[in-house]
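Student: Hi! I have a structure open and would like to talk it through. Can we start with one residue and work outwards?

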Amino acid sequence: MDLSLAATYDASPEEVFAMITDVTFQEQVFQQLRAQSYAVTVGDKGDDIAVQVHWQVAEVPVVARRFVGQRLELAQSKLWHRAGADGTREADVDGGVNGAPGVAGASVKVSGRTRIIPVGRGTTQAFDLRITASVPVVRGTLEQLVADAVRARLENKFKVAARWLSGSL
């Protein structure tokens, strides 16, 4: 299953990058999302910047519990590469859901790219992700469950970002 989302901000690529690599900003996103639990880590990886997030979301439908447990726990890593001359940046996105301990092993992978692109006097952040589940019987259900959780987080992130950049957060 493919998932593409984008938002444009009235800010420079440098301001957008500084925001999305700020731990406090990421924590605000999860607090606004009302995630049941979350963790955020930001660190250097040579010339690159790594942002890792882990969060737990609402109950899992009964049909999928056998494979991922009662609650959906997602992990996502973004490895941001050096900026281009115009401020454009790209990151590799990797993550997903692994089966809960003691649960029949299922995994759902999230992979793709995110980009920060200057557009006129603003900046667009775009996500192009692919979500794939390992269990054929419930593949569609698991992929949709994860896609919905990732979409909710990103849409919330875009709202929090607009407030953050306007100074109202």
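Student: Which residues does lysine 157 touch, not counting residues up to four places away in sequence?
Tutor: Happy to help, and keep in mind that this is a predicted model. Lysine 157 touches Ile20, Phe25, Gln26, Val29, Gln125 and Phe127, with residues up to four places away in sequence left out.

Student: And where does lysine 157 sit?
Tutor: Lysine 157 is in helix H4, which covers residues 139–166.

Student: Is lysine 157 buried or exposed?
Tutor: Lysine 157 is buried, and yet it has no salt bridge. The nearest side chain of opposite charge belongs to aspartate 22, and that is 12 Å away. A salt bridge needs the nitrogen and the oxygen within 4 Å.

Student: Gln26 was on that contact list. Where is glutamine 26?
Tutor: Glutamine 26 lies in helix H2, residues 23–33.

Student: Why does glutamine 26 count as buried?
Tutor: Because its relative accessibility is 1%, and buried means under 20%. Glutamine 26 touches Ile20, Val40, Val51, Val53, Arg153 and Lys157, again not counting residues up to four places away in sequence.

Student: Back to H4, then. What is valine 150 in contact with, leaving aside its neighbours within four places in sequence?
Tutor: Valine 150, which is also found in helix H4, is in contact with Leu3, Leu74 and Leu129. Valine 150 counts as buried because its relative accessibility is 2%.

Student: How many residues apart in sequence are valine 150 and glutamine 76?
Tutor: They are 74 residues apart in sequence, and their C-alpha atoms are 9.6 Å apart in space.

Student: What about nonpolar cores: how many residues does the largest one have?
Tutor: The largest nonpolar core has 47 residues, and those with the most contacts inside it are Leu72, Leu74, Trp80, Leu129, Leu142 and Val146. H4 gives the largest share of this core, 10 residues. In soluble globular proteins, nonpolar side chains tend to be buried together.

Student: Leu129 has come up twice now. What does leucine 129 touch?
Tutor: Not counting residues up to four places away in sequence, leucine 129 touches ten you can look up, including Met1, Asp2, Leu3, Val93, Val110, Val150 and Leu154.

Student: New topic. How many salt bridges are there in the whole structure?
Tutor: A search finds five salt bridges. One of them joins the side chains of aspartate 2 and arginine 130, at 2.9 Å from N to O. That pair links distant parts of the chain, 128 residues apart, with aspartate 2 in strand E1 (residues 2–9) and arginine 130 in strand E7 (residues 122–133).

Student: Is aspartate 2 buried or exposed?
Tutor: Aspartate 2 is exposed, with a relative accessible area of 53%, while arginine 130 is partly exposed at 42%.

Student: Which residue does aspartate 148 form a salt bridge with?
Tutor: Its partner is arginine 151, and the closest N and O atoms are 3.2 Å apart. The two residues are separated by about one helical turn, because they are three residues apart in helix H4.

Student: Which residues are joined into one network by salt bridges that share partners?
Tutor: Glu90, Asp92 and Arg113 are joined that way. In the bridge between aspartate 92 and arginine 113, the N to O distance is 2.0 Å. Aspartate 92 is in strand E5 (residues 89–98) and arginine 113 in strand E6 (residues 107–119), 21 residues apart.

Student: Thanks, I'll go and find these in the viewer!

Conventions: Residues numbered from 1 in each chain as written. Predicted model: local features only at pLDDT ≥ 70, side-chain atom pairs only at ≥ 80, totals over all residues. Heavy atoms only, no water. Helix = DSSP H or I, 4+ residues; strand = E, 2+ residues; numbered from the N terminus. Buried < 20%, exposed > 50% of the residue type's maximum accessible area, 1.4 Å probe, protein only. Lys, Arg positive; Asp, Glu negative; His and termini not counted. Contact = heavy atoms within 4.5 Å. Core = buried A, V, L, I, M, F, W, Y, C linked by side-chain atoms within 4.5 Å.
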